Amino acid sequence: MSQATLATQTTAQDVTAKHHPLARFIDLERYPILQRDSDAYRAAVEGVRQQLRTDGCALLSSFIREDLIEPLREESEALAPQAFYSDNNVNPYVTPDDPSLPEDHPARFFQHYTNGFVARDLIPEDAIVQQLYRDPDFQRFVADCLEEPVIYEFADPIAGLVINVMPDDTELPWHFDTNEFIVSLMTRRPNEGGEFQYAPSIRRPGEENFTAVQRVLEGDHTDVESLTLNTGDLQLFKGRYSMHRVAAAKGQRLCTLLGYAKTPDMMGSLEHTRRIYGRVTQQHIDADNQRRHDALMG
C-alpha cells in the first residue's frame with residue numbers, strides 16, 4: 001500500500017470518527033474504538049484483556065471526555081431521586097435463607113443492604129448512558145475486550161442499564177453478580193471512600209469455594225483487591241466469579257451499570273429483581289424457570 005493511499009484512508013477514518021455519535025462522549029484518541037483494524041485499537045483491547053486475565057477486573061481511566069464529566073454527573077444526579085431502595089438483609093447470593101444449611105454457611109451470612117437502583121425503564125432514551133449502552137461500536141469494543149464473539153443487551157426491561165445510588169455513609173455489601181460480567185461507568189465519585197473491593201475469581205463454574213468465601217465474609221481480606229474509580233472511568237468486571245462490594249462512602253456515590261450477556265434472552269431472577277427493584281414484570285414471571293448451566297448459586 002502506498003503512503004498516499006494510507007494517508008487517504010487515515011484521513012477518511014478521522015473524518016468518520018469525528019462525526020460518529022461516540023465522538024461526543026468518549027476520548028477516542030485514548031480509546032480508538034472506531035478503528036478496529038488499527039494497531040492502536042488492538043493495543044487498547046489487549047491492555048484490557050491482560051487486566052481481565054490477571055484478576056477479572058479492568059479499569060479504563062478517563063474513558064469519558066473531560067468536557068462531558070459534569071453533564072454526566074448532573075444527569076445521574078437528576079435521575080437518582082427515582083431510585084428504589086432495598087432496606088433489607090441479603091446474603092452474597094441474594095437468595096432466601098435456607099435453614100437446612102449450617103448457621104455459619106456463607107449462604108446464611110446476611111448483611112444490611114441500603115442501596116438504591118434507578119431502573120432501566122426510568123432512564124431517558126436520550127441520556128448519555130443510554131446512548132453509550134446501545135451503541136453497536138461500543139458493544140463491539142466491549143465484546144473484543146471480553147474475548148467474546150458477540151454480546152447482547154439484556155432482555156430484562158428493568159435491569160441491564162441501571163444507576164446504583166449510594167447515599168452518604170452507606171455501602172454495597174459482599175455479593176456475586178447474576179451475570180458473568182458487568183460494565184460500569186462511574187458517574188459521581190463520592191467525597192471520600194466508596195472503593196470497589198473484590199476477591200478475584202473466588203469461585204468458578206461448578207465450584208462455590210464456600211471456605212474461601214467464608215474467610216472474606218469474616219474479615220480476612222488478604223486476597224481482596226481495592227480499586228478507586230473517578231467520574232468518567234469505565235470498568236469491566238467478571239462479577240459472577242469474584243465476590244465484591246463497595247466500601248462505605250462519604251457523600252453520594254453514583255455508578256451506572258451497563259449489563260450485557262452472551263445470549264439475547266438474559267433476565268434477572270424473580271427473587272433478585274423483586275428485592276433489588278421492588279417490582280417485577282410478566283417477563284420475569286415467564287422466565288422464572290430459566291435454568292443456568294454453571295451450577296452456581298444466585
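A polar contact is a pair of N or O atoms within 3.5 Å. Asp135 makes use of that cut-off: one of its side-chain oxygens lies 2.9 Å from the backbone nitrogen of Asp137. Asp135 thereby caps the N-terminal end of helix α5. The model is predicted. Its chain has a mean pLDDT of 90, and 92% of the residues reach 70 or more. Over residues 5–12, however, the pLDDT is below 50. Beyond near neighbours in sequence, that stretch has two contacts in the model.

**Helix α5**
- Helix α5 spans residues 136–145 and is mostly covered.
- Seven of its ten residues are buried, including Phe138, Phe141, Val142 and Cys145.
- Gln139 and Asp144 are also on the buried list.
- Just after α5, Glu147 takes a positive phi of about 60 degrees.

**The sheet**
- Seven strands form an open sheet, with antiparallel pairing.
- Their order is β1-β13-β9-β16-β7-β5-β2.
- β1 (57–60) and β2 (84–85) stand at the edges with a single partner strand each, so one side of each has no neighbour in the sheet.
- β1 pairs with β13 (residues 234–237) in the antiparallel sense, over four bridges.
- In this pair, Leu59 of β1 stands opposite Gln235 of β13.

**Helices on the sheet**
- Helix α2 (residues 39–55) packs on the sheet and touches β1 and β13.
- The direction of α2 makes about 145 degrees with that of β1.
- Helix α5 also packs on the sheet, touching β1, β9 (182–188), β13 and β16 (253–258).
- The direction of α5 makes about 45 degrees with that of β13.

How values were computed. Residues are numbered from 1 along each chain as its sequence is written. This is a predicted model: local features need pLDDT of at least 70, side-chain atom pairs count only at pLDDT 80 or more; totals for chains, interfaces and linings use all residues. Side-chain values use heavy atoms; hydrogens and water are left out. Buried means under 20% relative accessible area, exposed over 50%, partly exposed in between (1.4 Å probe, protein chains only). Helices (H or I, at least four residues) and strands (E, at least two) are DSSP runs, numbered from the N terminus. A polar contact is a pair of N or O atoms within 3.5 Å; within protein, one must be able to donate a hydrogen and the other to accept it, and residues adjacent in sequence count only if both atoms are side-chain atoms. pLDDT is the predictor's confidence in each residue, from 0 to 100. Contact means heavy atoms within 4.5 Å. Two strands pair if DSSP finds at least two bridges between them. Axes are lines fitted to C-alpha atoms, for helices over the stretch in contact, and angles run from 0 to 180 degrees between N-to-C directions.
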